[in-house]
Amino acid sequence: MNKLAERDQAVLWHPFTQMQTAPLPIPIVRGSGSILYDADGREYIDMISSWWVNLHGHAHPHIAKRVSEQLQTLEHVIFAGFTHQPAVELAERLLAILPRNQSKIFYSDNGSTAVEVALKMAFQYWHNLGKPRQKIIAFENAYHGDTFGAMAVSGRSAFTAPFVPFLFDVDYLPVPLPGQEDDVLQRAEALFTDEVAAFIVEPLVQGSGGMVMYEPAILDKLVQLARRKGSLIIADEVMTGFGRTGRLFASHYLEGKPDLMCLSKGLTGGTMALGVTSCVQAIYDAFLSDDKFKTLFHGHSFTANPLACTAALASMDLLLLAETQANIQRISQNHTDFASRLATYKTVENIRQHGTLLAFDLNVGEQTSYFNNIRDTAYNFLLERGVLMRPLGNVLYLMPPYCTTDEQLAYTHKQIEELLTTI
Ligand SMILES: *Cc1c(COP(=O)(O)O)cnc(C)c1O
């Protein structure tokens, strides 16, 4: 096994990894259901859905079959001037489950590009109307991706520090945590003006920012405020989409629906890279013109890749099964039960849950930061016991694929509880 890891080290550079101090990567040879198998035959329960993408387990036979059939039929075709069945069918089926006001689908390659496209649509919408607006409002601590536009609308942090001079300015609202809603509303009253092109949010859960959670009611109030000034609302559901919060989309908990939505991660069930930006009719209409300059000049070589669209269709078949919906409810209830056990530990703080997402802070008296040691301690402790979790600093969270069994959850809980009595 070390052979492959050493070959890796000679030629590869891994994401979000300090290559000087990182241990050798673990070669994974196979996956099935919620389990990953390494080259030595060790098993890991994938409690983080392989960076939040996997919905139905690894190497799912239905997705594998559909994608391999598509691969032998049409692997790719240019998507300007041409179209194909998987792209059309996926758009139709997405629009059927997204909030009703969404009416057009634009494909790209990943979550960051889905955000880039939403931002470009928003800015150009105002440009095309001849009423340019240049301000974006975002939440502090937000994460919307790693490309420049996506970084610009993310919170400023260690991740963005080297690039700050190159990021466009954004006005930030504090996250409306429970108990702080009124303060945030007051700040928002001042910030939302008719210069604001768009308000971008991760609805209900800020993922990379530490699984920070807030309630739909306050988001609804903020959406209302933004709307009063005509601003567009962008819901970045790259992480929250496809059932994670208990409903198909976090936006389904809101009264006020977004104008633009960004999807990726679970979109293909975690099989391949694909991004979607959806929008309401009025945005689409603002680009219709005899004037070529009003075109949305954006596209990627692999826009609407038929294999990725097919994976997404196959994943949606599975997602909408009564059995999968029941699993989402089962995991949510299982989390709620575990949360009440967690509450008895002095080393646990700030337990929070939306649907299949459960998070809590480890309180070990250290300063809370993404870079503190407790993160590595917890990661290694759990990994050695066959549980793949990837704490965000001192924040531990569970985001299992929906096929994860009660036994696998119980095993995970046992390891977490041992960690809690050890630290
Ligand atoms: C992961 C994530 C992104 C970026 O998606 P990538 O596919 O990694 O580029 C954007 N927004 C949110 C909310 C995310 O969680």
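# Sheets, rings and annotated sites in a predicted model

User: Which helix lies across S13, S14 and S16?
Analyst: This is a predicted model. The helix in question runs at about 170 degrees to S16. Spanning residues 406-422, the element lying across S13, S14 and S16 is helix H13.

User: In what order do the 3 strands of that open sheet come?
Analyst: The pairing in this sheet is antiparallel. Strand S13 (348-354) and strand S16 (395-398) are the edge strands, each pairing on one side only. Neighbouring strands are turned by 15 degrees against each other on average, direction ignored. The order is S13-S14-S16.

User: Which residue in S16 stands opposite Leu358?
Analyst: Strand S14 covers residues 357-362, and Leu358 falls in that range. S14 and S16 pair in the antiparallel sense over 4 bridges. Opposite Leu358, in S16, stands Leu398.

User: How many residues of strand S12 are buried?
Analyst: Strand S12 runs over residues 275-280 and is mostly covered. On one side Gly275, Thr277 and Cys279 are buried, and on the other side Val276, Ser278 and Val280 are buried, so that both faces are covered under the cut-off of 20% relative accessible area. The count of buried residues is 6 of 6.

User: How many bridges join strand S4 to S12?
Analyst: Strand S4 spans residues 102-108 and runs antiparallel to S12. Within this pairing, Phe106 stands opposite Thr277 in S12. The number of bridges joining S4 to S12 is 6.

User: What is the bridge partner of Met261 in S12?
Analyst: S11 is joined to S12 by 4 bridges, and the two strands run antiparallel. Strand S11 covers 260-263. The partner of Met261 in S12 is Ser278.

User: What kind of aromatic pair do Tyr125 and Trp126 form?
Analyst: The structure holds 11 aromatic pairs. In the pair of Tyr125 and Trp126, the rings lie 5.0 Å centre to centre, with 80 degrees between the planes. An angle over 60 degrees sets the class, so this pair is edge-to-face.

User: Are Tyr125 and Trp126 buried or exposed?
Analyst: Tyr125 has a relative accessible area of 13%. For Trp126 the value is 5%. Both values are under the 20% cut-off, so Tyr125 and Trp126 are buried.

User: Which residues do ring pairs link into a cluster?
Analyst: Phe192 and Phe199 form an edge-to-face pair, 5.1 Å centre to centre with 75 degrees between the planes. Both Phe192 and Phe199 are buried. Ring pairs link these two into a cluster with other aromatic residues, and its members are Phe139, Phe192, Phe199 and Tyr214.

User: At what distance from the ring centre of Phe381 does Arg385 lie?
Analyst: Arg30 lies over the face of Tyr37, at 3.9 Å from the ring centre. Arg385 lies over the face of Phe381, and its distance from the ring centre is 3.6 Å.

User: Which residues does the UniProt annotation "binding site" cover?
Analyst: The annotation comes from an unreviewed UniProt entry. The annotated positions are spread over 340 residues of sequence and are also spread in space, up to 33.3 Å between C-alpha atoms. One of them, Gly299, lies in the loop between helix H9 (281-285) and helix H10 (306-319). The residues covered are Trp51, Tyr143, Lys265, Gly299 and Arg390.

User: Which residues does Trp51 touch, not counting residues up to four places away in sequence?
Analyst: Trp51 is placed in helix H2 (residues 49-52). Trp51 is partly exposed, with a relative accessible area of 35%. Its contacts include two residues that the UniProt record also annotates as "binding site", Lys265 and Arg390. The residues touched are Pro15, Phe16, Lys265 and Arg390.

User: What is the phi of Ser49, which is not a glycine?
Analyst: Most residues other than glycine have a negative phi. Ser49 sits in helix H2 and is buried, with a relative accessible area of 0%. The phi of Ser49 is positive, at about 50 degrees.

User: Where is Phe242 placed?
Analyst: Phe242 has a positive phi of about 65 degrees although it is not a glycine. Phe242 is buried, with a relative accessible area of 3%. Its place is in the loop between strand S10 (232-236) and strand S11 (260-263).

Technical notes. Residues numbered from 1 in each chain as written. Predicted model: local features only at pLDDT ≥ 70, side-chain atom pairs only at ≥ 80, totals over all residues. Heavy atoms only, no water. Pairing = 2+ DSSP bridges. Axes fitted to C-alpha atoms, helices over the stretch in contact; angles between N-to-C directions. Contact = heavy atoms within 4.5 Å. Phe/Tyr/Trp six-rings, centres within 6.5 Å; stacked < 30°, edge-to-face > 60°. Buried < 20%, exposed > 50% of the residue type's maximum accessible area, 1.4 Å probe, protein only. Lys NZ or Arg CZ within 6 Å of the ring centre and 35° of its normal. UniProt positions renumbered as here; feature names shortened; annotations may be inferred.
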